Amino acid sequence: MAPRPRRRRHKKPRSSVASMVETPVPLTLSKPGPSIDALGFHSLETNVPGLSQLILQKLNMKSYEEYKLVIDGGTPVSDFGFRCPQEMFQKMEDTFRFCAYCKALPSGLSDSKVLRHCKRCRNVYYCGPECQRSDWPAHRRVCQELRLVAVDRLMEWLLVTGDFVLPSGHWLWPTEIVQGWDTWFSMRRLQLDATLDAVLGSHAMTTLWASVGRPRPDPDVLKGSLKRLLTDALSRPLTLGLGLRALGINVKKTGGSTIHVVGASHVETFLTRPGDYDELGYMFPGHLGFRVIMVGVDVAAGFSQSTSVSPLEPGTVQLSGHRGLYHNFWEEQVQTGQTAHPDLVVAFHPGFHASPDLMEAWLPTLLLLRDYEIPTLITVYSQQELAASLQILADLDTHLTAYGANPFTSLKPEQVYSNPNKQPVYCSAYYIMFLGSCCQLGQGHLEEKVDGGV
Ligand SMILES: [Zn+2]
Ligand SMILES: [Zn+2]
């Protein structure tokens, strides 16, 4: 069936939903930047003046542009100019050193003062007891969660070095039973126990904790962290699977099915390995192949650029990328038949609710997906973002088919880096699916459902 482009007038998104949510800017060890786009990077300055310069200095770089160049080239993290792991971990930790209350950086302190971390979470710093006391009413709400963040960002290193290999292989249970993490963990329990024990006893784990300048936590704490990291890595492929399932997409199409990940950036492509989406394949036994194409201006340069239309091997998952804006990609690649038409389009945290600029950038893509009636899934970080995004999509007359809490959300908390006392968020915590136009749910109905908890 040929797509029917339709010209529709769309209402402008309401200003009340713009700028209401601060996009989190997690700084993680494995990706010392992919999580920070230019926008987020410069916004650090608003919260902690001087912080972006401090990060560049600690990472041995002069400017955001240089930093991006390194990331684009896919240069391994270990080549950032550090002499040994201790130095690298130290410099990484230094980028977290600013007073969480008065925002003072080490360079701005008098000689008698040093920044000391909160003893409970080892994540935020204070220039003195007065600041720590004054900050406690705000910090106490997040201290426990930030403690997990501080462990996870060190443990993430084991994923980068390949010392923590995610459990893989065919699903032992029928796919309908595995509806979320609880059942997924039960299904993989035996295999996972063996994997986690092996990582805990590994030389890499010993080296890691010997290098970071803090005591090694208990095995249960480390296992909890590895499990969170695992959900973080598998959340994306399994969320694609959620979309395929919920939108009823045929995965036994001759030649394979095609999924476009729109607005993909370093987060999706830097350090992403060919097998990273295999779990999607295991979710659909007997599938005839998945072609996952990451499209975005910030797709890492080293990422495979092959977007051919040749039929896939049944049972395989092929990952590739395309650098550019989606509506251009659509015109140049999809409409000319050089790339397969998508069966599903997914955008992880498009963030169009966050600012008028982002909305402007996303508008052509959203209208295209609506008018060509492409089954689409987007994810957001929080319930507040869910409400704002639903409002925008309703204003655009999209036909919302489902939304709610994502059963395959990442369980790894993400700290808002320059504003640590802000409630941590979780990647792809909520999803929205839409198909074509004509909103069938009234606005009042939407608000009621969102407020009532989804
Ligand atoms: Zn202070
Ligand atoms: Zn704390």
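Okay, so let's start with T376: its bridge partner in β11 is F434. Keep in mind that this is a predicted model. That pair belongs to β7, residues 376-380, and β11, residues 430-437, and these two strands run antiparallel, with five bridges joining them.

Now, what packs on the sheet here, touching β7, β8 and β11? That's helix α16, residues 383-395, and its direction makes about 5° with that of β11.

Let's step back to the sheet as a whole. It's an open one made of seven strands, and if you read across, the order goes β5-β4-β3-β6-β7-β11-β8, with mixed pairing. Which strands stand at the edges? β5, at 317-323, and β8, at 398-405; each has a single partner strand, so one side of each is left without a neighbour in the sheet. On average, neighbouring strands are turned by 20° against each other, if you ignore direction.

Back to β11 for a second, and to I432. Setting aside neighbours within four places in sequence, I432 is in contact with I378, and also with L386, S389, L390, L393, L400 and Y403.

I432 also turns up in the largest nonpolar core, which has 91 residues. I432 is among those with the most contacts inside that core, along with C99, Y125, V261, V292, V295 and V346. Which helix gives the largest share? Helix α11, residues 219-246, with nine residues. And where does the core lie? Domain 1 (16-142) and domain 2 (234-451) both contribute residues, so the core lies between them.

As general background, nonpolar side chains tend to be buried together in soluble globular proteins.

Key. Residues numbered from 1 in each chain as written. Chains lettered and ligands numbered in written order. Predicted model: local features only at pLDDT ≥ 70, side-chain atom pairs only at ≥ 80, totals over all residues. Core = buried A, V, L, I, M, F, W, Y, C linked by C-beta atoms within 7 Å. Buried ≥ 20, exposed ≤ 12 C-beta atoms within 10 Å, placed from the backbone. Helix = DSSP H or I, 4+ residues; strand = E, 2+ residues; numbered from the N terminus. Domains from an automatic or database assignment. Contact = placed C-beta atoms within 7 Å. Pairing = 2+ DSSP bridges. Axes fitted to C-alpha atoms, helices over the stretch in contact; angles between N-to-C directions.
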